[in-house]
Amino acid sequence: MKTHPMKLVTIICEALAREHLLALFAEVGVHGYTLFPVEGAGSQGRRPGDIAEFGNIQVEVVAAPALATVLMERLQAEFFPRFALIVYESDVRVLRPSKF
Amino acid sequence: MKTHPMKLVTIICEALAREHLLALFAEVGVHGYTLFPVEGAGSQGRRPGDIAEFGNIQVEVVAAPALATVLMERLQAEFFPRFALIVYESDVRVLRPSKF
Amino acid sequence: MKTHPMKLVTIICEALAREHLLALFAEVGVHGYTLFPVEGAGSQGRRPGDIAEFGNIQVEVVAAPALATVLMERLQAEFFPRFALIVYESDVRVLRPSKF
């Protein structure tokens with residue numbers, strides 16, 4: 001069974017950040033993601049309550065390590081100052097078609 | 001890019017456990033979570049079918065390792081005897097604001 | 001706190017693959033999963049746009065390592081040729097009842 005080491009980047013944010021996020025994905029070359037509404041509460045460390053009780057989305061991106069880093073650096077620089085969001089990364093092994 | 005090693009605790013349970021779960025979060029100091037309805041089937045090992053086909057929720061908590069352990073120990077002691085639930089933990093790296 | 005090392009297999013696919021997937025779960029012995037609708041876009045590497053904008057589901061299975069491998073091999077052999085899907089695996093530690 002062939003698998004490929006990739007990164008899963010999970011982003012939890014206000015629904016209003018959604019179009020900005022999809023624009024960033026297009027810009028950096030993220031082609032695969034899922035997005036679903038969640039209820040939740042969260043904080044960015046210093047600012048409890050930053051993320052409202054409702055109206056949040058969870059977005060999951062599978063990307064090669066280098067692309068995941070680019071995505072996270074852009075989120076850190078451009079989204080952290082403007083939106084309430086939580087971003088974390090984990091390791092996954094993506095299944096490949098057997099012919100590869 | 002600064003990231004911080006944390007634990008992701010995933011809880012899948014009957015929707016009726018929801019308020020009890022949120023009360024436990026408040027009590028142990030969990031501030032960040034997402035919650036969404038899922039369809040699913042599951043078992044707790046010994047009791048297949050414990051989790052009904054519908055009416056389940058999936059709850060995801062990002063917490064420091066020590067807090068994740070406290071949360072899981074409380075779930076084990078107080079929720080396992082009363083509710084059908086599945087709990088698992090994994091490693092994530094949480095993105096930090098660049099100024100930290 | 002007792003935990004057990006398991007695999008989390010995540011499957012993102014067209015909603016139309018759903019019944020086929022549940023039939024495969026029953027056949028290989030997967031008893032625990034969650035399933036929820038997601039919005040998303042994705043590609044299988046070679047074929048951008050394979051996964052439609054809407055009408056996708058995300059399915060998450062917790063299984064022992066050997067069962068996860070069987071499941072992924074079956075998905076690779078039987079689902080990759082027929083459906084647009086993304087499959088990835090990660091490591092989780094499942095909480096066990098304390099009496100075990």
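In this predicted model, chain C is superposed on chain A by a rotation of 120 degrees with 0.0 Å of shift along its axis, and the RMSD of that superposition is 0.0 Å. Chain B, for its part, can be laid on chain C by a turn of 120 degrees and a shift of 0.0 Å along the axis, again with an RMSD of 0.0 Å. Chains B and C are thus related as by a three-fold rotation axis. For the complex as a whole, the predictor gives an ipTM of 0.86 together with a pTM of 0.89.

Before turning to the interfaces, it helps to look at one chain by itself. Chain A has 2 helices and 4 strands, and when these are read along the sequence they follow the pattern β-α-β-β-α-β. Of the 100 residues in chain A, 38% are buried. Among the contacts of chain A with a separation of 6 or more, 76% are accounted for by residues that stand 24 or more positions apart.

The confidence in chain A varies along the sequence. Its mean pLDDT is 87, and 84% of its residues reach 70 or more. Over residues 44–50 of chain A, however, pLDDT stays under 50, and for this stretch the model has 9 contacts beyond four places in sequence. Where pLDDT is low, the predicted coordinates should not be read in detail.

The contact between chains C and A takes 23 residues from chain C and 18 residues from chain A. On the side of chain C that touches chain A, at least two residues each are supplied by β2 (33–43), β4 (56–63), α2 (65–79) and β5 of chain C, and β2(C) gives the most, with 7 residues. By residue class, this side of chain C divides into 12 nonpolar, 8 polar and 3 charged residues. Strand pairing also crosses this interface, for strand β4 (residues 85–95) of chain A is joined to β5(C) by 2 bridges, and the two strands run antiparallel. Within that pairing, A:Val94 has C:Tyr88 in β5(C) as its bridge partner. Only 9% of the interface residues of chain C are also interface residues in chain A, so the copies meet through different surfaces.

The contact between chains B and C can be followed in the same order. Chain B contributes 23 residues and chain C contributes 18 residues. The elements of chain B that give two or more residues to the side touching chain C are β2 (33–43), β4 (56–63), α2 (65–79) and β5 (85–95), and the largest share of that side, 7 residues, comes from β2(B). The residues on this side of chain B comprise 12 nonpolar, 8 polar and 3 charged. Here β5(B) pairs with strand β5 (residues 85–95) of chain C in the antiparallel sense, over 2 bridges, and B:Glu89 stands opposite C:Arg93 in β5(C). The copies meet through different surfaces here too, because only 9% of the interface residues of chain B are also interface residues in chain C.

Taken together, these descriptions place β5(C) in two pairings, one with β4 of chain A and one with β5(B). In the pairing with chain A, C:Tyr88 is the partner of A:Val94, whereas in the pairing with chain B, C:Arg93 stands opposite B:Glu89.

Methods:
Residues numbered from 1 in each chain as written. Chains lettered and ligands numbered in written order. Predicted model: local features only at pLDDT ≥ 70, side-chain atom pairs only at ≥ 80, totals over all residues. Least-squares fit on C-alpha atoms with pLDDT ≥ 70 in both. Contact = placed C-beta atoms within 7 Å. Nonpolar A, V, L, I, M, F, W, Y, C, P; charged D, E, K, R; others polar. Pairing = 2+ DSSP bridges. pLDDT = per-residue confidence, 0-100. Buried ≥ 20, exposed ≤ 12 C-beta atoms within 10 Å, placed from the backbone.
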